[in-house]
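Trainee: I would like to learn how strand pairing, burial and side-chain contacts are read from a model, taking one feature at a time.
Mentor: Then let us look at the chain together and begin with the strands.

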Amino acid sequence: MTTVDLPLLPLGRGTDPLSERGVECPGDLPAASDPDLVARARAAKAKLGDRLFVLGHHYQRDEVIEFADVTGDSFKLARDAAARPDAEFIVFCGVHFMAESADILTGPDQKVILPDLAAGCSMADMARIAQVERAWDALAAAGVQDVVVPVTYMNSSADIKAFCGRNGGVVCTSSNAEVALDWAFQQKGADTKVLFLPDQHLGRNTAVLKLGYSLDECVVWNPFKPDGGVSPEELAKARIILWKGHCSVHGRFAADVIDELRAKVPDLNVLVHPECQHEVVLKADLVGSTEFIIKTIEAAPAGTSWAIGTELNLVQRLKNAHPDKNIMFLDRNVCYCSTMNRIDLPHFVWALENLVEGTVVNQVEVDPQTEADALTALQRMLDLPGKTHKD
């Protein structure tokens, strides 16, 4: 059994209602080789006018980012959508959990569209609601559930956000994970434990490097092992229970590559995302969210050298935007986010031209109860002090 226990769906056919995946694509996509794709996208967007608002995540292809009205990280974009109540159609060029967040935060008359429903997130897929509910029951059987507060990263499905909302937990972003975890540890007295979903690396890096907990106080819950593969004694001693999930991109960066680059490049600055492995974060000079990475490079002096550990589309965009700086990718191999890259120009044109014709395709809708519970967890995050609006 693999870490991501999902059915294999033929390209363009089939859905799995128990996951965030779906690959239905009614009608014919334009050919990727169509030389008129850019002109068709511009024409469709012009016809839709103010009825359309296009969101572009930083990890998207340049060919798609060109048509975004705003760019940013997941929660920033969802809030940008909520700030445009007059836009009838929100086309989210990102992945499924992001579109869900936009649907939760926008009005009931607004329609959120994901150009390719198969644009999921491997990290979000690693924590499915049935698995999390089984883990919650196991924590009750172990006698610790009453002191556990669930915290989920924004990179999770609406179901998982709703689970946290129902069980006294909160959502966090990579910018405010420290504040969210600090809040969580205050909720149930001195014995409080946190169940951190779904990215073990962000949870570990925040708990150890920001809040001062030890690695010995962290345990990893593996949903594919009985009782998570954690003994009652380990649970009793633990302060943070890390879900066994990770980002398929940020998890690739390795500490030995940092050593190699430092040996080759004088005065190298290593800048990484907190979804990276703990060993990588320890060797980095600076660690922060995607927005932090962008602002750091923008503010960096000319002539400085930077190795960046985040998705390659963004690194290339930063390199092109700052030719006065020596910017390199912190991996030996090409490493795009494969699901982000599913949003391409043919899917974008197909979605917009259908909207022009009056057909709403690939709408992402969260059911009312899930939305209400997820909003509870999101509101708890928004009520936290400090940086609560950034990723």
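Trainee: In which sense do E12 and E13 pair, and over how many bridges?

Mentor: Two strands count as paired if at least two bridges are found between them. In this predicted model, E12 and E13 pair in the parallel sense over 4 bridges, and one place to see the register is Ser305, which stands opposite Asn326 in E13. Together with H14, these two strands make a right-handed β-α-β unit.

Trainee: Which other strand pairs with E12?

Mentor: Strand E10, residues 268-272, pairs with E12 in the parallel sense over 5 bridges, and here Asn269 stands opposite Trp306 in E12.

Trainee: How should I read the two faces of E12, and are its residues buried or exposed?

Mentor: A residue is called buried when its relative accessible area is under 20%. Ser305, Ala307 and Gly309 point one way from E12, whereas Trp306 and Ile308 point the other way, and all of them are buried; the strand, residues 305-309, is thus described as mostly covered, with 5 of its 5 residues buried.

Trainee: Where is Lys325, and what surrounds its side chain?

Mentor: Lys325 sits in the loop between helix H14 (312-321) and strand E13 (326-329). Leaving aside residues up to four places away in sequence, Lys325 touches Ile297, Glu298, Ala300, Pro301, Ala302, Gly303 and Thr304. A polar atom of the Lys325 side chain lies 2.6 Å from the backbone oxygen of Ile297.

Trainee: Why is no salt bridge assigned to Lys325?

Mentor: A salt bridge requires a side-chain nitrogen of Lys or Arg within 4 Å of a carboxyl oxygen of Asp or Glu. Lys325 is buried yet has none, because the nearest side chain of opposite charge, Asp324, is 4.6 Å away.

Trainee: Why is strand E5 described as largely enclosed, and which strands pair with it?

Mentor: For strand E5, residues 148-153, 6 of the 6 residues are buried, so the strand is largely enclosed by the rest of the structure. E5 runs parallel to strand E7 (residues 193-197), to which 5 bridges join it, and also pairs in the parallel sense with strand E6 (residues 170-172) over 3 bridges. Val151 has Phe196 as its bridge partner in E7 and stands opposite Val170 in E6. From E5 the chain crosses through helix H7 (residues 158-166) to E6 in a right-handed β-α-β crossover.

Conventions. Residues numbered from 1 in each chain as written. Predicted model: local features only at pLDDT ≥ 70, side-chain atom pairs only at ≥ 80, totals over all residues. Heavy atoms only, no water. Buried < 20%, exposed > 50% of the residue type's maximum accessible area, 1.4 Å probe, protein only. Lys, Arg positive; Asp, Glu negative; His and termini not counted. Polar contact = N/O pair within 3.5 Å; in protein donor to acceptor, adjacent residues only side chain to side chain. Contact = heavy atoms within 4.5 Å. Right-handed = clockwise from strand over helix to strand, strands pointing away.
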